[in-house]
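Me: Got a model to go through with you. Can we start with the ligand and then move on to the domains and helices?

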Amino acid sequence: PTHASQTHVVVLGAGVIGLTAAHVLTEGEGSNFKVTVMARDMPEDLTSQAFASPWAGAIWSPMGRSDRLDQWERYTFDKFWSMIPTGLVRRLPARIYYGVEDAEEASWFRAIVRDFRVLPSDHPLPANAKSGVRFDTFSVNPEVYLPWLKSELEGRGVRFVRRRVHSLDEACEFAGENGAVINATALGARSLLGVEDTNVYPVRGQVVLVHAPNIKESVNIFPAGERLRSTYVIPRASTPGIVLLGGTFQPHDWDTSLSIPAAHGILARAKELVPALAEPTTRIHAHNVGLRPAREGGPRVEAQLVDVPSKHPLVPKQSGASTDTKTIVVVHAYGFGSSGYQQSWGAAEEVVRLLKDNLLQRCDV
Ligand code: FAD
């Protein structure tokens with residue numbers, strides 16, 4: 001419809017969620033949207049600990065479930081799987097061990113992954129494991145994948161503006177009359193005026209990257225009753241020989257500095273899980289710390305109609321902004337915690353659907 005043809009959408013946030021939403025928004029010939037990605041941290045800021053996306057595994061791995069998340073994850077899995085021939089996405093054989101007897105019980109995700117099998121009872125198990133499964137999954141390398149998403153978007157005419165935004169008003173003013181905003185600010189949603197979502201919190205994650213070219217399989221263990229003590233080994237996509245060892249899972253911990261004891265602990269647990277890592281040829285490549293942008297109650301993907309300028313007492317008046325009140329469609333997309341990559345494409349589809357539905361409704365009023 002012609003009334004949607006000029007919609008300017010400001011995507012606030014340039015992590016995997018904002019970039020994927022912008023990608024879906026600009027898909028196909030003659031997209032109806034003019035898109036600006038506005039963010040403090042950009043996809044090329046691969047050493048910034050102020051956002052989560054550079055620090056991820058980034059693998060599809062079972063995390064937890066609900067019908068909505070299952071749908072996003074299934075869609076995302078199939079999308080990444082279809083991208084394997086491009087070389088951006090690595091197909092990975094994976095094993096998961098459990099500290100409980102019945103792996104079948106734990107394996108609700110068999111319908112999402114490929115070639116799923118419960119390990120036979122005579123399969124040798126590591127210490128602390130009582131059962132296990134194997135399947136095929138995928139990983140991507142954020143250092144390659146995020147710049148790739150950005151260059152795709154630039155090729156489609158998407159503009160990138162580096163700016164720390166203080167309030168939702170500011171983004172809405174930038175979007176302009178009849179514009180819309182996608183709020184993909186992750187942990188930033190806690191302090192973005194007009195959003196101020198105190199359910200948002202960090203889950204600190206520390207990992208070690210090693211050079212270990214013989215490791216070609218992802219291995220993960222969930223000891224019984226210790227969900228937060230999972231140990232994982234993930235061969236990196238796009239950088240042959242590099243393997244990510246994790247990790248820590250520390251809710252409400254904002255510390256982005258390296259913990260040396262944690263690094264020792266990660267190395268010891270990973271070597272126990274995958275003895276080949278103990279070979280003298282294994283070299284430490286890097287130590288990383290990132291904050292997963294989690295949210296009580298799970299991700300918020302939801303549309304909201306926002307009147308600007310708002311009456312918020314702390315929001316500064318925009319110089320040169322009009323004083324007429326207008327209603328802007330905002331779609332929130334934050335709080336993805338440990339699963340931003342593995343839910344990205346499915347969540348982005350829902351974000352864009354919500355955006356389009358709400359824009360149409362606005363035109364109907
Ligand atoms: P972010 O990447 O944090 O991006 C937020 C964006 O918003 C940034 O551009 C930031 O600058 C911008 N922003 C925030 N506030 C403002 C503001 N006020 N003004 C302007 N811009 C603002 N996920 C997986 O799926 N698989 C994995 O294997 C995996 N492993 C992980 C391992 C570790 C150690 C860690 C730390 C994370 C892992 N994750 C994994 C989680 C994944 O990294 C996150 O879920 C994902 O990156 C979240 O993406 P996002 O776009 O929501 O947020």
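Reply: Sure. For the residue classes, Ala, Val, Leu, Ile, Met, Phe, Trp, Tyr, Cys and Pro count as nonpolar, Asp, Glu, Lys and Arg as charged, and the others, Gly among them, as polar. Keep in mind that this is a predicted model.

Me: OK. By class, what residues does the shell around the ligand have?
Reply: The shell has 21 nonpolar, 17 polar and four charged residues.

Me: Which residues are the closest to the ligand?
Reply: G15, G57, G188, G290 and G340 are the closest, out of 42 that surround the ligand. The elements giving two or more residues to this shell are α1, β8 (200-211), β13 (283-295) and α7 (340-364).

Me: Into which domains is the protein chain divided?
Reply: Domain 1 is 1-58 + 141-199 + 296-365, and domain 2 is 84-140 + 200-295. Each gives at least three residues to the ligand shell.

Me: How many residues of domain 1 are in contact with domain 2?
Reply: 27 residues of domain 1, against 22 residues of domain 2. On the domain 1 side, α4 gives the largest share, four residues. That side divides into 14 nonpolar, nine polar and four charged residues.

Me: Switching to helices. At what angle do α1 and α4 cross?
Reply: Roughly 30°, with the axes of α1 (residues 16-25) and α4 (residues 142-155) coming within 10 Å. Angles under 35 degrees count as roughly parallel, so α1 is roughly parallel to α4.

Me: Which residues make the contact?
Reply: V16, L19, T20, A22 and H23 of α1, with L146, L149, K150, E152 and L153 of α4. Six are nonpolar, two polar and two charged.

Terms used
Residues are numbered from 1 along each chain as its sequence is written. This is a predicted model: local features need pLDDT of at least 70, side-chain atom pairs count only at pLDDT 80 or more; totals for chains, interfaces and linings use all residues. Axes are lines fitted to C-alpha atoms, for helices over the stretch in contact, and angles run from 0 to 180 degrees between N-to-C directions. Angles under 35 degrees count as roughly parallel, over 145 as roughly antiparallel, 65 to 115 as roughly perpendicular and the rest as oblique. Two residues are in contact if their C-beta atoms, placed from the backbone, lie within 7 Å. A residue is near a molecule or strand if its C-beta atom, placed from the backbone, lies within 6 Å of it. Domain bounds come from an automatic or database domain assignment.
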